[in-house]
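The following paragraphs are intended to be read beside the sequence and the structure. They proceed from pockets to sheets and then to aromatic contacts.

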Amino acid sequence: MTTHEESRPSLPMPVKATPYRHQQEAFGFVCRAFGLLPEPEAGPPVLKSSGCALLMEMGTGKTITSIAITGALAEAGRIGRVLIVAPLSILGVWEAEFARFADFPYFLAVLSGTGAKKLDTLRHMTGAALQVAVVNYESAWRMEKDLLAWRPGLIIADEGHKIKTHNIAASKAMHRLGRAASYRLLLTGTVITNKAIDVFSQYKFTNPAIFGQSFYAFRSRYFDMVGYGNHTPVLKKSMEAELVEKMHAIAYRATKAECLDLPETTDILRQVDLEPAALRIYKGLVKESYAELSGGEVTAPNILTRLLRLSQLTGGFIGNDETASVEQVSAAKLSALEDILDGAVAEGKKLVIIARFLPEIRAICKLLEKRSLRYSCITGEVKNREEQVEQFQNEPEVMAFVGQIATAGLGITLTAASTMVFYSLDYSMSNFEQTKARIHRVGQRMPCTYLYLVARGTVDEKVLLALKNKADLAKTLVDDYRSGKNPFAA
């Protein structure tokens with residue numbers, strides 16, 4: 001972690017939580033750069049900048065820190081409108097985190113639906129309270145003129161590595177939007193993903209004065225072009241120190257390993273919205289399952305059998321009884337997982353991905369193969385379990401472990417990762433606890449982060465709540481039915 005002892009704020013963070021020390025330091029660092037706080041009495045001066053980067057690894061609290069900075073700017077009268085640009089699957093996270101943490105008046109809208117609907121929502125965001133618009137990168141590019149006309153005072157680029165390529169349309173749009181805003185925040189685990197040249201585009205958004213406006217001048221100064229046709233940039237050893245120093249002049253760095261006040265484990269809920277067609281199928285299945293219950297004896301096995309089909313569908317798949325085949329009806333969770341993978345790869349961190357059903361496992365493995373990412377996998381069909389674990393634990397190139405919850409939850413150690421994604425869950429408390437313990441055990445040197453992909457408004461929510469509360473899911477659902485409720489409805 002880049003520690004900035006001088007950056008502990010005298011300005012309180014306007015959040016409904018007790019922030020950790022590194023979050024306070026990050027807040028203080030940015031507030032000084034933005035001119036909200038005076039220069040520190042001791043230590044080096046903070047560079048004044050209208051743009052800053054929070055290079056904070058997943059699980060260290062980039063979002064709550066950004067919300068506090070947003071509130072401080074609003075309370076100082078510096079901004080009235082905020083634009084948050086993030087990957088599609090993370091938009092709902094911002095809505096939930098603002099509701100949970102923001103200790104200041106605001107109105108937030110996620111721009112979703114058709115282009116016309118997004119534009120209509122934006123045009124009605126004119127209230128007296130701080131107006132916060134949340135949109136994905138693709139839409140920000142397509143809505144660029146309208147967003148410029150809306151005139152946000154602060155733009156937050158979440159998962160900023162999404163704009164690492166300087167000459168693609170989404171990056172160019174963010175550069176132009178950034179120039180028009182009074183303040184900018186770049187959030188990412190690290191600006192350097194696979195290669196140091198990725199710094200340029202992200203800093204062109206954050207503060208173009210750091211590395212200039214010209215990609216080619218930047219490349220010429222810091223890189224040698226080598227390889228066949230001189231197409232491969234390699235950072236000049238003589239320029240490495242300057243590059244890092246300039247990067248950190250406007251950046252606060254926090255790693256999980258060095259944030260000593262983090263809790264041992266952190267749970268993060270990542271809500272996913274099923275596509276309209278998949279949601280229609282899901283709702284039809286809810287009605288059908290309830291009707292089937294009404295025609296027979298209501299027992300725990302009967303309810304769980306019907307719940308199983310709904311759980312399969314939230315993961316994206318539905319079985320066809322007539323053809324004994326499985327059809328994919330949703331890619332919502334896969335898209336969310338791809339965004340999480342992007343972040344993990346950018347940070348150079350390994351990831352454990354847990355799912356319940358084999359069609360999900362196969363789709364996840366296919367996604368990893370499409371991304372040319374090496375992985376280990378354990379399901380009931382895999383015989384060489386020890387070899388799969390050994391590869392994940394010891395080979396740096398093996399970035400992911402994919403496990404079926406019923407078979408990968410016992411007797412293995414996966415401490416090469418400190419982050420686990422639950423793509424889907426079964427109903428067993430024992431499986432849940434045992435699986436979580438694969439990364440949180442002897443040999444783990446870092447706090448552990450658990451991400452849960454939950455399809456909004458579905459049985460996923462009930463399953464996770466029961467597991468977290470150590471409740472008997474089947475009994476809860478039977479009780480719901482007997483009290484006149486549809487046990488499958490959210």
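In this predicted model, helix α3, strand β10 and helix α13 each supply at least two residues of the lining of the second largest pocket. The volume of this pocket is about 540 Å³. Its lining comprises 21 residues, and L88, S89, L91, V272 and D273 are those that lie nearest the centre. Sorted by class, the lining of the second largest pocket contains nine nonpolar, seven polar and five charged residues.

The elements α3, β10 and α13 also appear in the description of the largest pocket: together with α2 (62–75), the segments α3 (91–101), β10 (265–272) and α13 (332–347) each give at least two residues to its lining. The largest pocket has a volume of about 800 Å³. Of the 34 residues that line the largest pocket, G61, E97, R100, T266 and I268 lie nearest its centre. The lining of the largest pocket divides into 15 nonpolar, ten polar and nine charged residues.

Strand β10 leads from the pockets to a sheet. Six strands, in the order β10-β17-β16-β13-β15-β14, make up an open sheet with parallel pairing. At its edges are β10 and β14 (374–378), each of which pairs on one side only. On average, and with direction ignored, neighbouring strands of this sheet are turned by 20 degrees against each other. Strand β10 runs parallel to β17 (residues 448–455), and eight bridges join the two. Within this pairing, T266 has T449 of β17 as its bridge partner; T266 is also one of the residues nearest the centre of the largest pocket.

Two helices may be followed against this sheet. Helix α17 (residues 459–468) packs on the sheet and touches β10 and β17, its direction making about 145 degrees with that of β17. Helix α13, which contributes to the linings of both the largest pocket and the second largest pocket, lies across β10, β13 (351–355), β16 (419–422) and β17. The direction of α13 runs at about 155 degrees to β17.

Helix α3 leads to another sheet. Here seven strands form an open sheet in the order β3-β4-β2-β5-β6-β1-β9, and the pairing is again parallel. Strands β3 (106–110) and β9 (251–254) each have a single partner strand, so one side of each is left without a neighbour in the sheet. From one strand to the next, the twist averages 15 degrees. Five bridges connect β3 with β4 (residues 130–136), the two strands running parallel. In this pairing Y106 stands opposite L130 of β4. Helix α3 lies across β2 (81–86), β3, β4, β5 (154–157) and β6 (183–188), and its direction is at about 160 degrees to β3.

Strands of a sheet pair through backbone hydrogen bonds, in either a parallel or an antiparallel arrangement. The antiparallel sense is found in the pairing of β7 (residues 223–226) with β8 (residues 232–235), which extends over four bridges. In this pairing, F223 has L235 of β8 as its bridge partner. Five residues lie between the strands of this hairpin, in which G227 takes a positive phi near 80 degrees.

Aromatic contacts complete the description. How many aromatic pairs does a search of the whole structure find? The search finds 19. In the pair of F200 and F218, the ring centres are 5.3 Å apart and the planes stand at 35 degrees, so the pair is classed as tilted. Because F200 belongs to helix α8 (residues 199–206) and F218 to helix α9 (residues 215–222), the pair ties together parts that are 18 residues apart in sequence.

Definitions and conventions
Residues are numbered from 1 along each chain as its sequence is written. This is a predicted model: local features need pLDDT of at least 70, side-chain atom pairs count only at pLDDT 80 or more; totals for chains, interfaces and linings use all residues. Side-chain values use heavy atoms; hydrogens and water are left out. On a 1 Å grid over the protein atoms alone, a cavity is a set of points where a 1.4 Å probe fits but cannot get out, and a pocket is an open set with protein on both sides within 12 Å along at least five of seven lines; lining residues have an atom within 4 Å of a point. Grid points are joined across faces, edges and corners, and a volume is the space filled by probe spheres set on the points. Ala, Val, Leu, Ile, Met, Phe, Trp, Tyr, Cys and Pro count as nonpolar, Asp, Glu, Lys and Arg as charged, and the others, Gly among them, as polar. Two strands pair if DSSP finds at least two bridges between them. Axes are lines fitted to C-alpha atoms, for helices over the stretch in contact, and angles run from 0 to 180 degrees between N-to-C directions. Contact means heavy atoms within 4.5 Å. Rings of Phe, Tyr and Trp (its six-membered ring) pair if their centres lie within 6.5 Å; planes under 30 degrees apart count as stacked, over 60 as edge-to-face and the rest as tilted.
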